[in-house]
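Colleague: I would like to learn how to read a few features of this model, beginning with the way two helices pack against each other. Could you give me the general idea each time, and then the case at hand?

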Amino acid sequence: MSLDWITPADRLRALPPYVFARLDELKARAREQGLDLIDLGMGNPDGATPQPVVDAAIAALQNPANHGYPPFEGTASFRRSITQWYHRRYGVELDPEGEALPLLGSKEGLAHLAIAYINPGDLVLVPSPAYPAHFRGPLIAGGEIYPLVLKAEQDWLIDLGAIPDAVADRAKIMYFNYPSNPTAATAPREFFEDVVAFARKHEILLVHDQAYAELAFDGYQPTSLLEIEGAKEIGVEFHTMSKTYNMAGWRVGFVVGNRHVIQGLRTLKTNMDYGIFAALQSAAETALQLPDVYLHEVQARYRTRRDFLIQGLGELGWSVPKTKATMYLWVPCPPGMTSTDFALSVLQQTGVVVTPGNAFGAGGEGYVRISLIAELDRLQTALDRLRQANIRFQPEAIAGK
Ligand SMILES: *Cc1c(COP(=O)(O)O)cnc(C)c1O
């Protein structure tokens, strides 16, 4: 019997191919050829989860009270830890009953929010480049994306003045993310104030992704959307345990902000999932209560790698500005090369995996993202191999390859 009639729904066909999946195939092929891969492609932290968090999880596992379905809206105790953490960090009071919702990782929430709030044809403002869930969620929901193309000349900040009034008036939601994945750009507080004023004027729901709330360096403190006066009336902010606490595999994140928006997301999720295993919520509370010295260690790790790689790339002709946050460097491709060609050529010639910028939307073309997810000796090997393959930021150096 032919199964041609079992076709995926149209909403899946709206999606561009997932570049990371394609990159995985290429990596598998390179491995088969015996290449020793240095994978700086994914945003997957390479460190272990802090021991007190692991210990808390083990203890919580032993408690049968945690073995059943967790409450839909997350445990009261984890929600309280979220709002207490938020208050300690930003000085903003949130109600654990309704203004904080645990998520199975923030990616899940970012995508489900789109399904909960976007009707087919609704206009959604999304930066380009952006973290893929920021445009893939809205595409699955049938939304129409208006790309806010980011530029190096504007320090990768959204140019609100360039958005035509007619577009802003039609837009229902705007996604954004600072400190940014993939550009590693940060936004000054005044930018957040401008975004809030813009969203209030045009009645746009603001969705801020603050995955890198704690991965900042040299004294820089990222701004939270909800610190801005009036933001809670029109916005929500997504957080994740994945990056700060090396907990990517645990799938724990949360959203804070506007009660009404969170309620809509919760209603959708009650129909889709049962939330996070209660034992893991208990461990996540421990993570949010870790002393700051832990954060300083994680920050120092990434800062050291940042400095090391910026210096090494500098010797190969790249002048990469010092990043103030995130675990990424956003590096221009040698002139005349597309991001895919460059990433493939680096992979084939050196076994070093970087992510082509177009994985993050057309606005990422011409750049690759390098994740700071290997120890210094591996980063040194990566630099050595680039030098041996004569991969430099000079057009003539790569000509004829
Ligand atoms: C890593 C990352 C996420 C995903 O976090 P999870 O909580 O692990 O789903 C979300 N947004 C951005 C910008 C990220 O870099």
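Modeller: A crossing is called right-handed if the near helix is turned clockwise from the far one by less than a right angle, and left-handed if it is turned anticlockwise. Please keep in mind that this is a predicted model. Here α5 passes α6 in a right-handed crossing, and the axes of the two helices, residues 106-117 and residues 133-140, come within 7 Å and cross at roughly 35°.

Colleague: Which residues of α5 and α6 make the contact?

Modeller: From α5 the contact draws on K107, L110, A111, A114 and I115, and from α6 on A133, H134, G137, P138 and I140. Sorted by class, the contact of α5 with α6 has seven nonpolar, two polar and one charged residues.

Colleague: What should I look for in the backbone, and where is the peptide bond cis?

Modeller: The general idea is that most peptide bonds are trans, and that most residues other than glycine have a negative phi. In this model a cis peptide bond joins S128 and P129, with omega about 5°, and P129 lies in the loop between β3 (123-128) and α6. The peptide bond from N181 to P182 is also cis, with omega near 15°, and P182 is placed in the loop between β5 (171-176) and α8 (189-202). As for phi, N246, a residue other than glycine, has a positive value near 50°, and N246 is found in the loop between β7 (235-240) and β8 (253-257).

Colleague: How do I read the surroundings of the ligand, and which residues come nearest?

Modeller: One starts from the shell, counting a residue as near if one of its heavy atoms lies within 4 Å. There are 13 residues around the ligand, of which D209, Y212, T240, S242 and K243 come nearest, and the shell divides into three nonpolar, six polar and four charged residues. Then one turns to the N and O atoms: a nitrogen atom of the ligand is 2.6 Å from an N or O atom in the side chain of D209, while an oxygen atom of the ligand is 2.6 Å from such an atom in the side chain of Y212, and an oxygen atom of the ligand is likewise 2.6 Å from an N or O atom in the side chain of T240.

Colleague: Is the ligand mostly buried or exposed?

Modeller: Taken alone the ligand exposes 390 Å², and the protein buries 94% of that.

Notes:
Residues numbered from 1 in each chain as written. Predicted model: local features only at pLDDT ≥ 70, side-chain atom pairs only at ≥ 80, totals over all residues. Heavy atoms only, no water. Polar contact = N/O pair within 3.5 Å; in protein donor to acceptor, adjacent residues only side chain to side chain. Areas by Shrake-Rupley, 256 points an atom, 1.4 Å probe, with all protein chains shown as cover. Nonpolar A, V, L, I, M, F, W, Y, C, P; charged D, E, K, R; others polar. Axes fitted to C-alpha atoms, helices over the stretch in contact; angles between N-to-C directions. Helix = DSSP H or I, 4+ residues; strand = E, 2+ residues; numbered from the N terminus. Contact = heavy atoms within 4.5 Å.
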